[in-house]
Amino acid sequence: MQGMWRAYETLINEYLHYFPCVVLVGARQTGKSTLIESMSAGREIFDLESQADFEQIHRDPDLFLRLNNHPLAIDEAQLLPALFPALRVAIDRNRNHYGKYLLSGSSSPALLTAISESLAGRVGIIEIAPFSLTEIQGIAAPYLLQLLNDGVTAESIMQLPDPTKMPTNIDIDRYWLDGGYPEPVLRGSQQDDNRFRELWYQQYLKTYVERDIAALFPRLDAIRFRRFIALLAGCSGIIINYANIARLLDVSQPTAKDYFRIAEGTFLWRQLPAWHQSQSKRLVKHPRGFLRDSGLLHHLLQLPNLQRLQSHPQMGNSWEGMVVEEILRILNAAGLSYTAYTYRTAAGAEVDIILEGVFGLLPIEIKHTQTVNSRHLRALRDFVQDYDCPFGIVVNRDEKVRRYDERLVGIPFSWLIGNS
């Protein structure tokens, strides 16, 4: 992974300029440790998975920080919750010393709780996801970000030049199938090693359930939770019915909800809340979710190649989840503030994702097909009209940008994440 460009680098440097402490959070094996190493010039690095480093800090975190009053990087900080109150005391000695502490932490809802309780107002938190396709392709400023600027309209989108750099369909399909976890991406690109990827995901899930979850939630029923993880593959992309999941697992509905919260809090699952602001339509209030990495989804569905994937009933949901995650990874790496929603009316009208932020409202429909029938865009068209959005977009696999009507634009996925 050494030398692989990450889109977060600019944001991390910006946060180090503004906050005394910056924490990189995310699932295991997403490249946080590599980022810590690459961005720690002039810092002493401590890794809490090293017994020697752990013991040095654990004995007395306050004393350790007083004796090491210089810029530090601490990897796997979730292993030592007592560190965070000590950091608050150390930071408050000199609140104007920005960027002094750079930390990382993996797969731990307790980590975010410790940060919010001890370091509120003193810390900038950045979530590090697996590779986006734009990172793999080395695309630093995808067109998607331009669409969120003030004054952009459907007409101005049509006037943008075609990207000079964008992924090919082969690139897209490979990424869609394999996902973005760094090690399978890099190993696969070198050897096209499907067997390695299969074994890597198998061991990743084993470690996630038997080590991370067992340590974080020692009273959790590991067997039922493992069954729940398998069920997540079938839930990816659909409206969540907690009662059905509870029935399948033979647990209570509150327990099923807890399982989803654990999966979301450990960065395995992304849950989109339901849009709820309509005054004229009856809306479905259940959330919708996705497994956050398509490679992990396909491992759970036992889809080893593109042919199997394209003929599978989950193909459309899988494509949609990959596109949603790519969009959100780009926004997160750019440091944009937003909320993502799903939208469905009681009458069955759906819009795949609604983005709300300082840029306003952007409704997005996602299609795997090249040709999109305008009659299938009624829900998107109605949403744009009801909420007076400047435009709505349909992400598809077309060969060029197309105008469907005054405020609806069809944009190829490759074009959306390309740049000029």
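This report describes the two largest pockets of a predicted model.

Local features require pLDDT of at least 70 and side-chain atom pairs pLDDT 80 or more, while totals for chains, interfaces and linings use all residues. Residues are numbered from 1 along each chain as its sequence is written, and side-chain values use heavy atoms, without hydrogens and water.

A pocket is an open set of points on a 1 Å grid over the protein atoms alone, where a 1.4 Å probe fits, with protein on both sides within 12 Å along at least five of seven lines; lining residues have an atom within 4 Å of a point. Volume is the space filled by probe spheres set on the points, which are joined across faces, edges and corners.

| Pocket | Volume | Lining by class |
|---|---|---|
| Largest | about 560 Å³ | 13 nonpolar, 6 polar, 4 charged residues |
| Second largest | about 340 Å³ | 5 nonpolar, 6 polar, 4 charged residues |

In these classes, Ala, Val, Leu, Ile, Met, Phe, Trp, Tyr, Cys and Pro are nonpolar, Asp, Glu, Lys and Arg are charged, and the others, Gly among them, are polar.

The largest pocket has a volume of about 560 Å³. Among its 23 lining residues, Glu127, Arg270, Arg292, Asn332 and Tyr338 are closest to the centre. Elements giving two or more residues to this lining include helix 1 (9–18), helix 18 (315–333) and strand 8 (338–344). Strand 6 supplies the largest share, 4 residues. Helices (H or I, at least four residues) and strands (E, at least two) are DSSP runs numbered from the N terminus.

Around the second largest pocket stand 15 lining residues, with Glu198, His298, His299, Leu303 and Pro304 nearest its centre. Helix 10 (169–178), helix 12 (194–216) and helix 16 (294–300) each give two or more residues to its lining, and helix 12 contributes the largest share, 6 residues.
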